[in-house]
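Open the model in your viewer and keep the sequence panel beside it. The tour below moves from one selection to the next, with a short account of what is found at each stop.

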Amino acid sequence: FDVVGVAEPNPEWRRKRQDDPAYRGLPWLSETELLNTEGLEAVAVETDVPDLIPTARRCLEAGMHLHLDKPGGESLAPFREMLELADSKGLMVQMGYMYRYTPAIQLCLRAVREGWLGRVFEVHCVMSRMDGMEYREWLSQFRAGGFYIFGCHLIDLVVSMLGRPDRVTPYLRQTWPEKDNTVDNGLAVMEYPHATATVRAAVVEVEGFRRRQLVVCGDKGTFDIRPLEYNGPNPLPTTVRLALSEPAGPHEAGCHEFEMPTPKGRYDTQLIELAEIIRGEKGNPYPSSHDIMVQEALLAACGIEQERSVEG
C-alpha cells in the first residue's frame, strides 16, 4: 500500500490524534480531497462507530474498496444496503474482524471444516477486558454496551464455523446500575440443530485479556485456544490444546499442546489479503452474505431487531 493521507473532519479528534506516530509524515486531507485523490483504490474507514456505515457508503459511491471497522451499526437495513451497493459496483468490503487471520484461529477453522473434531456440539468463547469510567460512558450509547463492540468478533467466528443460528438469546447485564447505565457484561446463546455456542464479553473483568478464549468441542475432538491474544506488558503466547480420539490432519490421536506464533502486526495479514483481492489474485473468503449473517446474529445477541435477525 501507498498511503496517500488521512481525513478527520472532527477537529477535536484531530487535535487528540494528529501527533500519533502512525500519522507521521502524512498529509491531512478533507474527505472530498481524499476521495478525489488520483489513483486511489481503497480506503480504511475507522471513524467513530456511529459514523461507520454512512462514511462507508460515501466511499463506495466514490468507487473505493473498503477496510471497514466494526460493528456494522445497530440497524440491519443500512448495513445490508451498504453491502448491496458494494456488490453492485464490484467493490470489496473487508470487515475489521482481525481474529479471522490469527494462526491459531485459522488452524481451528481448518480443524472444523476438515472434520478433525467430528460433529461440533459446543462452542464457548470469551473476549473481555477492564475499562475505566470514560470508556464506559462512551459504551453507554449502545444498547448492548461492551458486548456490542467486542462480542461481534466472537459471533463472526461462530458463524464461520456453524453458519446461521436457529435462535439467539441475549443475557445483557449491568454490574453497577447505581453508577451508570452501561451494559458491561453480556452472554449470548446461539442455538443450532446439533450444537450450542456461548459468547461472552465484558469490560469489567480483571486481566480479562488473559482469559480471552475459544473452545470448540466435537464428538471426535476438542480445540482449545487461550489466550486468543495478550499483548500487555508481559505478552503471553497463544497456546493451543488439541485432543483427538483418532488421527486427524497431521496429528495423531491423543492430547497435543503447542504454542502458535503471535502476529507482529495485528492487522497485517488481513490487509495483505485485501490487496490480493483487489488485485484479483484471490477471491473474497468472507462475502457479503457471511457479513450479513454475522450482523443478523449480532443484533439478535444485543436484543436489537431480534425477531427479524433470527428469522432472516
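Begin with the open sheet of 8 strands, whose order is S7-S8-S9-S6-S10-S11-S12-S13 and whose pairing is mixed; strands here, like helices, are DSSP runs numbered from the N terminus (H or I over at least four residues for a helix, E over at least two for a strand), and two strands pair if DSSP finds at least two bridges between them. Select residues 167–173 and 254–260 to see the edges, strands S7 and S13, each of which has a single partner strand, so that one side of each is left without a neighbour in the sheet. From one strand to the next the twist averages 10°, angles being taken between N-to-C directions, from 0 to 180 degrees, with axes as lines fitted to C-alpha atoms (for helices, over the stretch in contact).

This is a predicted model, in which local features need pLDDT of at least 70 and side-chain atom pairs count only at pLDDT 80 or more, while totals for chains, interfaces and linings use all residues. Residues are numbered from 1 along each chain as its sequence is written, and side-chain values use heavy atoms, with hydrogens and water left out.

Within the sheet, select strand S6 (residues 120–126) together with strand S10 (residues 213–218), which pair in the antiparallel sense over 6 bridges; Glu122 has Cys217 of S10 as its bridge partner. Add helix H7, which packs on the sheet and touches S6, S7, strand S8 (185–191), strand S9 (196–202) and S10, its direction making about 160° with that of S9; contact means heavy atoms within 4.5 Å. Then select helix H9 (residues 288–301), which lies across S7 and S8 and runs at about 45° to S7.

Next, show helix H5 (residues 103–113) against helix H7 (residues 145–162): the two pack at an angle of about 25°, with their axes 9 Å apart. That angle makes H5 roughly parallel to H7, since angles under 35 degrees count as roughly parallel, over 145 as roughly antiparallel, 65 to 115 as roughly perpendicular and the rest as oblique. For side chains, display Ile105, Cys108, Leu109, Val112 and Arg113 of H5 with Leu157, Ser160 and Met161 of H7, which make the contact.

Move to the open sheet of 3 strands, ordered S3-S4-S5 with parallel pairing. Strand S3 (42–45) and strand S5 (93–95) are its edge strands, each pairing on one side only, and the twist averages 15° from one strand to the next. S3 and strand S4 (residues 65–68) pair in the parallel sense over 4 bridges, and a useful pair to label is Ala42 with its bridge partner in S4, His65.

Three loops deserve a stop for their backbone. In the loop between S4 and helix H4 (76–88) lies Pro71, joined to Lys70 by a cis peptide bond with omega of about -5°. Pro227 lies in the loop between strand S11 (221–226) and strand S12 (238–244), and a cis peptide bond with omega of about -10° joins Arg226 to Pro227. In the loop between S9 and S10, select Glu207, which has a positive phi of about 55° although it is not a glycine.

Finally, colour the model by pLDDT, the predictor's confidence in each residue from 0 to 100. The protein averages 93, and 96% of the residues score at least 70. Over residues 306–312, however, pLDDT stays under 50, and for that stretch the model has 16 contacts beyond four places in sequence.
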